[in-house]
Amino acid sequence: MIWGIFKRDMCHATRNVIAVIVSMGLVVVPALYAWFNIAASWDPYGNTKALKVAVANNDKGYKSDLIPVRVNVGETIISTLHANDQLDWQFVKSDKAIDGVKSGEYYAAIVIPKGFSADMMTLFSPDIKHAQLKYYLNEKINPIAPHITDQGATTVVNTIDKTFAKTIAQVGLDLASSILHYSQSPQMAEYMRNLNGNLTTMADTLSGASQQVTSYSQLLGSANDIVDSTGKLLASATKAGKQAQNALKQGKSGATSLTSAGANVTSSVNTALDQVSGAFDQVAAKVNKAFDAIGKDSDTAASQLATLSEQISSGESLYDTYITSLNHMRESVEQLPDSDSAKQALLEAIDREITLLEAAKGDSQKLAQQLKDASTQVTQDTAAAERSRKEILNRITSAKQSISNVRDDYATNVKPKIDALASTVSTLISQTDSMITQLSGTADDLDDVTGDVGTNVMSIRSTLGAIAKKLDSSAATVKELITKLETGGNAGDGNSDGGDGDNDADSGESDELRALATANASTLSTLISAPVALHRVSVYPIANYGSAMAPFYTILSIWVGAIILCAMLKVTISDREKAHVLGLGDTLPRIAGPSGPGNASRWGLRLDHEYFGRYAIFALLALLQGTLVCLGDTYFLGVQANHALQFLAVGWLAALVFSNIVYTLTVSFGDIGKAVAVVLLVMQVAGSGGTFPIETLPKFFQMLYPFLPFPHAIDAMHAAMAGSYGNEYLLDMVYLALFLIPSLLLGLVLRKPVIRLNNWVSRNLESTKVM
């Protein structure tokens, strides 16, 4: 019976040209619906450069004493956006930008205020202001455009943050480099010579003052009538003491400046050692990148390895220069008196530093040779190349550890001893200053004593003897300070030029390190401004936005196709057709009763025969619809489908399930069933999760989500396109097929009680002559 109904339906559908054209249209129209939507959504975010966004720069810039360079962040933003094609940036005046947003000429506008740079630089003042950009947005033009322009504005803000951080870091590195250069400049050497000259003058003055006080005491004992001369001598001694104090102040200022410069140099050398250590991390990354290229482009990998070998070989001169400067420093330290307790410890620390540097140099030489050997192996033996890769990475780790040992030994052994020497110099200066202060106070006391010298000559002579001893002691202290500065000054050059930068002892070595710092300043500042880089790893990657939207539009078109079939084809079988299938002629016998489903059951044509017999042509056309739309997606539009057969199978199953649901609703409830099918379509468009994640939808749709066929069909199609996690694809196919159970239950069993009600509704609708 089912085959008989299907065969007659096929004959009627192909009886004439119009019927064939309509049948073809029923198959093609759903495919066109899907293809147009997928093609229109193929790459919407790739064409955002046509969206006009205005940019107006009112920034006046900023210049301060801290950073003696004019800073204009607004100009930097404009320069960056000129090279950015993410959006169609329009550089206009602020008035035109705002008016353009209101008129719809621009989707959005960014206005940089006048004090933008000044507000950013308040970071270095107690009154910090948050710099703000003015962002104008026209939200009524398009619902998606604001989100795209928001992304563009976020890009601008991120660019500003990175540029600002990079500028500050660059200024800091340049300042450190300037301090390093100044510590090795002729001005610093001249300042040291002036310091020694002033201290020598001060010692001579103290010795002369001592002699004058002694002579005065002797004259005072001979006669009281030379009191006036004694007053003059005291005035002369007081003047000499003040001169000595002034000279000591200059010496103290020079020693303090020297110690400060040495501390800054030490910071610069530590930075240099960190840069050298970091350079090995970059070499390791480049080695991995070069070996990863083996098999794809071995010649390029060999060239990269050879270049790395040459770069490491060229850096060996830095070790030689550093070792030479340490030897010079050692010679200077050997000139210290043997009685100096710090001498031997400092010599041992320098020798250990030289040994560690020679070991680091050896590691670098071996690394360069291994890289050179590997550059010739990558094109010959892949297995040998992989072994070379492991050996090279191990050698890099060893070389990096050698540098770390040099830095740690310097921080643990060398620097503390140099700091101790600087502390000794500072202590001596403080002691001498205290003595000069005592001298000044004593000279004041002498002025008072000379006023009453005639009455207490013996007391004055005793006081003068004590003064002479203090002056001699002060002179001896200053001479000792001069000796230590002269003997330790050379080491101090090693400690100042290289001391707090003792890795930069000689000018040649400091030039090398300064060149290294200059070469890496931009890299370091970039690292500081953006310390974290996002490495995106796609799991189950989708080729493009059109492919990502293809499952939603494909499944949607298959449901639309099912509705079109039920709108264009009859779901009920006329009594005439039933009679022909039963072989009873053109009409059923009168005993069949009123026309309707199941009225021919007494002759063997049951209700289920009518259901499946008429559904057969619906199923055939639905399968053709699903086949055409899926094949068109894959081979016409080029939608990604890693598993093409699985992709097609989803289309077939969705076509059967959707067509059966819509057919059952129509055959059970007539036109009301068609309306229900449209309502289900609308609900699934909103609640299927095909466009937005289901977690972002209202709670009602999240609860409804598992009970709709769309989500399972879309998920199965996604799995067929990009790959399946476990049994994900099979489970979604099973869930989709389960929707046939309630549909068949309604079509074969539950619709029997409502057949009369449906017939009554149909008769009343037809009686209106409109519906």
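How many aromatic pairs does a search of the whole structure find? In this predicted model, the search finds 10 of them. A pair of aromatic rings is described by the distance of the centres and the angle of the planes. One of the pairs is formed by Tyr 615 and Tyr 663, whose rings are 5.2 Å apart from centre to centre with 45° between the planes, a tilted arrangement. The two residues come from distant parts of the chain: Tyr 615 belongs to helix 17 (residues 607-637) and Tyr 663 to helix 18 (residues 644-669), 48 residues apart.

Both partners can be placed by their accessibility. Tyr 615 has a relative accessibility of 10%, so Tyr 615 counts as buried. For Tyr 663 the relative accessible area is 0%, and Tyr 663 is therefore buried. Tyr 663 has a further ring partner in Phe 618: the centres lie 5.0 Å apart and the planes stand at 50°, so this pair is tilted. Because Phe 618 lies in helix 17 and Tyr 663 in helix 18, the pair ties together parts that are 45 residues apart in sequence. Phe 618 is also buried, at a relative accessible area of 1%. Ring pairs join Tyr 615, Phe 618 and Tyr 663 with Tyr 611 and Phe 612 into a cluster.

Two of these residues reappear in the nonpolar interior. The largest nonpolar core has 62 residues, and those that touch the most other members are Ile 555, Trp 559, Phe 618, Phe 658 and Tyr 663. Among the elements that give two or more residues to this core are helix 1 (2-13), helix 2 (17-40), helix 15 (545-568), helix 17 and helix 18. Trp 559 shows how parts of the chain meet: leaving aside neighbours within four places in sequence, its contacts include Phe 658, Ile 661, Ala 677, Leu 681, Pro 709 and Phe 710.

Another core, of 15 residues, lies apart from the largest one, and Val 53, Ile 77, Leu 87 and Ile 112 are among its members. Ile 112 leads to strand 3 (residues 108-112), where five of the five residues are buried. On one side of the strand these are Ala 108, Ile 110 and Ile 112, and on the other Ala 109 and Val 111, which leaves both faces covered.

Strand 3 also has strand partners. With strand 1 (residues 52-57), strand 3 pairs in the parallel sense over five bridges, and Val 53 has Ala 108 as its bridge partner. With strand 4 (residues 134-137), strand 3 runs antiparallel and is joined by four bridges; here the bridge partner of Ile 110 is Tyr 135.

Conventions
Residues numbered from 1 in each chain as written. Predicted model: local features only at pLDDT ≥ 70, side-chain atom pairs only at ≥ 80, totals over all residues. Heavy atoms only, no water. Phe/Tyr/Trp six-rings, centres within 6.5 Å; stacked < 30°, edge-to-face > 60°. Buried < 20%, exposed > 50% of the residue type's maximum accessible area, 1.4 Å probe, protein only. Core = buried A, V, L, I, M, F, W, Y, C linked by side-chain atoms within 4.5 Å. Contact = heavy atoms within 4.5 Å. Pairing = 2+ DSSP bridges.
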